[in-house]
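Take a moment with the sequence and the 3D view below. The walk that follows goes from one residue outward to helices, cores and loops.

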Amino acid sequence: MSSVLVLNGPNLNLLGTRQPEVYGSVTLADIEGLCRSHAAQIGLTVETMQSNHEGALIDAIHAARGTHAGLVINAGAYTHTSIAIMDAVASVELPTVEVHLSNIHAREPFRHRSYLASVAIGQIAGFGATSYTLALDALAAHLGVGA
Ligand code: DQA
């Protein structure tokens with residue numbers, strides 16, 4: 001069975017209490033559980049990881065090579081700043097879907113630029129927790145799993 005790493009970046013551990021008007025009341029544990037159950041339905045397995053540290057996220061991306069068939073990444077604010085995370089994704093050559101709970105294109109201009117977008121197979125933004133299940137569906141289709 002194909003395994004996917006679902007990575008969450010800075011401040012996403014605070015989901016549930018963090019700006020609920022923007023991100024809703026769903027917790028990171030809820031999202032990770034949703035990813036696990038959805039993945040099982042579509043023939044994927046999921047490993048989850050969250051870190052507030054750029055280097056730890058990069059280490060996890062490196063370690064995914066040879067272990068996982070693809071990546072789902074919500075890099076949080078690093079989306080808009082981190083050339084290092086972009087380079088890590090480009091380096092491991094794993095199909096990667098970029099995910100955001102909020103519609104970053106409808107928010108402040110500094111959120112409109114994503115470094116990750118240039119190395120991802122696609123981006124899903126604005127659907128809350130459903131962004132993650134849509135990302136898993138997209139990755140499964142890309143990998144030809146469950147087809
Ligand atoms: C986010 C959007 C980012 O701009 C923000 O910095 C986050 C969360 C989202 O999921 O909507 O931390 O990635």
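Start with serine 131, which lies in helix 5. The model is a predicted one. Is serine 131 buried or exposed? Its relative accessibility is 0%, so it counts as buried. Its contacts reach well along the chain. Setting aside neighbours within four places in sequence, serine 131 is in contact with Val99, His100, Leu101, Ile124, Ala125 and Gly126.

Move one residue along, to tyrosine 132. Residues up to four places away in sequence are again not counted. Tyrosine 132 then touches Val6, Asn8, Ile31, Cys35, Val72, Asn74, Val99 and Leu101.

Tyrosine 132 also leads into the largest nonpolar core, which has 24 residues. Val4, Val6, Ile31, Leu44, Val72, Tyr132 and Leu136 have the most contacts inside this core. Which elements supply at least two residues each? They are strand 1 (2-8), helix 2, strand 2 (44-50), strand 4 (96-100) and helix 5. Helix 5 gives the largest share, five residues. Another core lies apart from this one. That second core has 17 residues, including Ala64, Leu71, Ile73 and Val92.

Now look at how the helices pack. Two packed helices are described by the angle between their axes and the distance between the axes. Take helix 2 (residues 28-41) and helix 5 (residues 130-143) as one pair. They pack at an angle of about 30°, and their axes are 9 Å apart. Angles under 35 degrees count as roughly parallel, so helix 2 and helix 5 are roughly parallel to each other. Their crossing is right-handed.

Which residues meet where helix 2 and helix 5 come together? Helix 2 brings Ile31, Leu34, Cys35, His38 and Ala39. Helix 5 brings Tyr132, Thr133, Leu136 and Asp137. Six of the residues in this contact are nonpolar, two are polar and one is charged.

Leucine 34 deserves a separate look. Its place is in helix 2. Its relative accessible area is 32%, so leucine 34 is partly exposed. Beyond its neighbours within four places in sequence, leucine 34 is in contact with Ala129 and Thr133. Leucine 34 and alanine 129 are 95 residues apart along the chain, yet their C-alpha atoms are separated by 8.1 Å.

A second helix pair is formed by helix 3 (residues 54-64) and helix 4 (residues 83-92). The angle here is about 5°, with the axes 9 Å apart. Helix 3 is therefore roughly parallel to helix 4. On the helix 3 side, the contact is made by Glu54, Leu57, Ile58, Ile61 and His62. On the helix 4 side stand Ala84, Ile85, Ala88, Val89 and Val92. The residues of this contact divide into eight nonpolar, one polar and one charged. Val92 also belongs to the core of 17 residues.

Finish in the loop between strand 1 and helix 1 (20-23), where asparagine 11 lies. Asparagine 11 is not a glycine, but it has a positive phi of about 75°. Its relative accessibility is 35%, so asparagine 11 counts as partly exposed. Glutamine 19 has its place in the loop between strand 1 and helix 1 too. Glutamine 19 has a positive phi of about 35°, although it is not a glycine. With a relative accessible area of 35%, glutamine 19 is partly exposed.

Notes:
Residues are numbered from 1 along each chain as its sequence is written. This is a predicted model: local features need pLDDT of at least 70, side-chain atom pairs count only at pLDDT 80 or more; totals for chains, interfaces and linings use all residues. Side-chain values use heavy atoms; hydrogens and water are left out. Axes are lines fitted to C-alpha atoms, for helices over the stretch in contact, and angles run from 0 to 180 degrees between N-to-C directions. Helices (H or I, at least four residues) and strands (E, at least two) are DSSP runs, numbered from the N terminus. Angles under 35 degrees count as roughly parallel, over 145 as roughly antiparallel, 65 to 115 as roughly perpendicular and the rest as oblique. A crossing is left-handed if the near helix is turned anticlockwise from the far one by less than a right angle, and right-handed if clockwise. Contact means heavy atoms within 4.5 Å. Ala, Val, Leu, Ile, Met, Phe, Trp, Tyr, Cys and Pro count as nonpolar, Asp, Glu, Lys and Arg as charged, and the others, Gly among them, as polar. Buried means under 20% relative accessible area, exposed over 50%, partly exposed in between (1.4 Å probe, protein chains only). A nonpolar core is a set of buried Ala, Val, Leu, Ile, Met, Phe, Trp, Tyr and Cys residues joined through side-chain atoms within 4.5 Å.
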